[in-house]
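Let's take a walk through this model together. Open it in your viewer and follow along, one element at a time.

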Amino acid sequence: MNKHHPQHTAPATSATSATPAKPAKPATKRAAALASGLRRSLLAAAAVAAGVFTWQVGAYAFGGAEPAVSIAAPKLDEPATGARTETAVFAGGCFWGVQGVFQHVQGVTKAVSGYAGGTAKTADYETVSSGSTGHAESVEVTFDPQKVSYGKLLQIYFSVAHNPTELNRQGPDSGTQYRSAVFPMNDAQRRVAEAYIVQLDASHAFTKPIATKVEKYTGFYAAEGYHQDFLTEHPTYPYIVINDLPKVKDLKRMFPTQYRDTPVLVKTASAS
């Protein structure tokens, strides 16, 4: 059940609801998720109306950054095909941080926040936040396999982008929409992902078993525009400061040859 704290929140464009009301205690998990999502939206609207993104962090249970873990590269990777463009889809909790990490990876040409695992009908933020849609907050990564391999992206995903041992949660966020999942686009990606999970469990690099599931890809649906490039556009937002900026620093520290200072942004690519 989601706790009543301001988890990651989309900034609203309206200045209404300047004083969000505290939600009543929900009776069910679905009601809890809906109430939590509503409260996050109202809190964001209040922040935007006030023209600030700096709240008293201590008043909220934001949690903290997931610690990065040094792991070996996958023993099995995709064979070279000569292709210059490939797509991968990863889910690892809040898509803001996962997107932000991959936007700083050399060879990545685009990273889009969105939803995977459910249907197009339910692929919107408020509905997904109910936890009943089958969707997970995900990131679609478009990359040049001649510059960065699928296996290397998996290594970054497991070691830096999120904690793969958490089941149906990530840091301060809980619910199936925050699960750890890989959505292979083809059989080759599936084989690499499945083999890597076995390798990581056998290595005991993590203190707990890998919770990441390799799920069937049924489509990816881009999230609302205000979710895109969120880490870059709101670097002082408390959730970003505490949970996500450390991931980008870990990427630079642990993968210096894969790190790029200037992120590849969705909005920049869309405008070009």
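**Helix 4 and its surroundings**

In this predicted model, a good place to begin is helix 4, where Y150, G151, L153, L154, Q155, I156, Y157, F158, S159, V160 and A161 are buried. That makes eleven of the helix's twelve residues, so helix 4 is largely enclosed by the rest of the structure. Here buried means under 20% relative accessible area.

Now look at what the helix contributes to. The largest nonpolar core has 47 residues, and those touching the most other members are F90, F102, Y150, L153, L154 and F158. Helix 4 (residues 150-161) supplies the largest share of this core, with eight residues. Try selecting L154: leaving aside residues up to four places away in sequence, L154 touches F90, V182, V192, A193 and Y196. There is also a second, separate core of nine residues, with A91, V112, A136 and V266 among them.

From here, turn to the sheet. Six strands make up an open sheet with mixed pairing, in the order 7-6-1-3-2-8. Its edges are strand 7 (213-214) and strand 8 (220-222), each of which pairs on one side only. Helix 2 (residues 95-102) packs on the sheet, where it touches strand 1 (86-92), strand 2 (108-116) and strand 3 (136-143). The direction of helix 2 makes about 165 degrees with that of strand 2.

Finally, zoom in on one pairing. Strand 6 (residues 180-183) and strand 7 run parallel and are joined by two bridges. Within this pair, A181 stands opposite K213 of strand 7.

How values were computed: Residues are numbered from 1 along each chain as its sequence is written. This is a predicted model: local features need pLDDT of at least 70, side-chain atom pairs count only at pLDDT 80 or more; totals for chains, interfaces and linings use all residues. Side-chain values use heavy atoms; hydrogens and water are left out. Two strands pair if DSSP finds at least two bridges between them. Helices (H or I, at least four residues) and strands (E, at least two) are DSSP runs, numbered from the N terminus. Contact means heavy atoms within 4.5 Å. Axes are lines fitted to C-alpha atoms, for helices over the stretch in contact, and angles run from 0 to 180 degrees between N-to-C directions. A nonpolar core is a set of buried Ala, Val, Leu, Ile, Met, Phe, Trp, Tyr and Cys residues joined through side-chain atoms within 4.5 Å. Buried means under 20% relative accessible area, exposed over 50%, partly exposed in between (1.4 Å probe, protein chains only).
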